[in-house]
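Subject: Structure handover

Hi,

Here is the structure for you to look over. My notes on what turned up in it come straight after.

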Amino acid sequence: MAAVSHALATRHGVGAELTLEAESITSRIAEVDYLPSVAARAWRWAPEMEEIAATLRSTGLPPDLAEAGATVLRHWTADKDRFDLPLEKVLAHLHTPDDQD
């Protein structure tokens, strides 16, 4: 996803700005306690990911990761503003009905 983001930014003349912004961001992927907060706000990011996919498609870049991101974020639609959900519930909501045991 980072490579596609940089390709898009470079094509639009803002590659240096993206690199500068990326250097200031820290990753929270290892902070699982942060995931309920992500799920609670995912409702607003899914449409943004769809817009990103459309932009990538229009510039000839692969939209697949952005589309997949939108799909994953939509699993949390019912969790809108539910900052109180336990991690176990947040993770369970990522499963499709067929694969929940």
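Below are the overall layout, two helix pairs and two single residues.

**Overall**

Please keep in mind that this is a predicted model. The protein has five helices and zero strands. Along the sequence the pattern reads α-α-α-α-α. The C-alpha trace spans about 45 × 30 × 20 Å along its principal axes. Of the 101 residues in the protein, 25% are buried. Take the contacts with a separation of 6 or more: 56% of them join residues 24 or more positions apart.

**Helix α4 and its cover**

Helix α4 runs over residues 64-74, and its buried residues are Ala66, Ala70 and Leu73. Viewed down the axis of α4, these buried residues fall within an arc of 70 degrees, so they line one face of the helix. The general rule behind this is simple: an α-helix has 3.6 residues a turn, so residues three or four places apart point the same way.

What covers that face? The cover over the buried residues of α4 includes α3, residues 35-58.

**How α3 and α4 pack**

Two packed helices are described by the angle between their axes and the distance between the axes. For α3 and α4 the angle is about 165 degrees, and the axes are 8 Å apart. Angles over 145 degrees count as roughly antiparallel, so α3 is roughly antiparallel to α4. Their crossing is left-handed.

These residues make the contact:

- From α3: Ala42, Trp45, Ala46, Met49, Glu50, Ile52, Ala53, Leu56 and Arg57.
- From α4: Ala66, Glu67, Gly69, Ala70, Leu73 and Arg74.

By class, the residues of this contact divide into ten nonpolar, one polar and four charged.

**Ala46, from the α3 side**

Ala46 lies in helix α3. Is Ala46 buried or exposed? Its relative accessible area is 5%, and the cut-off for buried is under 20%, so Ala46 is buried. Leaving out residues up to four places away in sequence, Ala46 touches Ala70, Leu73 and Arg74. Ala70 and Leu73 are among the buried residues of α4. Ala46 can also be paired with Thr77: the two are 31 residues apart in sequence, and their C-alpha atoms are 8.8 Å apart in space.

**How α1 and α2 pack**

The second pair is helix α1, residues 2-11, with helix α2, residues 15-24. Their axes come within 7 Å and cross at roughly 140 degrees. That angle makes α1 oblique to α2.

Which residues make the contact? Ser5, His6, Ala9 and Thr10 do so from α1, and Gly15, Leu18 and Thr19 from α2. The residues of this contact divide into two nonpolar, five polar and no charged. For the contact of α3 with α4, the split was ten nonpolar, one polar and four charged.

**Asp81, in a loop**

Where is Asp81? Asp81 lies in the loop between α4 and α5, the latter covering residues 87-92. Phi of Asp81 is near 60 degrees. That is a positive value in a residue other than glycine. At 45% relative accessibility, Asp81 counts as partly exposed, because that class lies between the 20% limit for buried and the 50% limit for exposed.

Best wishes

Conventions:
Residues are numbered from 1 along each chain as its sequence is written. This is a predicted model: local features need pLDDT of at least 70, side-chain atom pairs count only at pLDDT 80 or more; totals for chains, interfaces and linings use all residues. Side-chain values use heavy atoms; hydrogens and water are left out. Buried means under 20% relative accessible area, exposed over 50%, partly exposed in between (1.4 Å probe, protein chains only). Helices (H or I, at least four residues) and strands (E, at least two) are DSSP runs, numbered from the N terminus. The arc is that of the directions from the helix axis to the C-beta atoms. Contact means heavy atoms within 4.5 Å. Axes are lines fitted to C-alpha atoms, for helices over the stretch in contact, and angles run from 0 to 180 degrees between N-to-C directions. Angles under 35 degrees count as roughly parallel, over 145 as roughly antiparallel, 65 to 115 as roughly perpendicular and the rest as oblique. A crossing is left-handed if the near helix is turned anticlockwise from the far one by less than a right angle, and right-handed if clockwise. Ala, Val, Leu, Ile, Met, Phe, Trp, Tyr, Cys and Pro count as nonpolar, Asp, Glu, Lys and Arg as charged, and the others, Gly among them, as polar.
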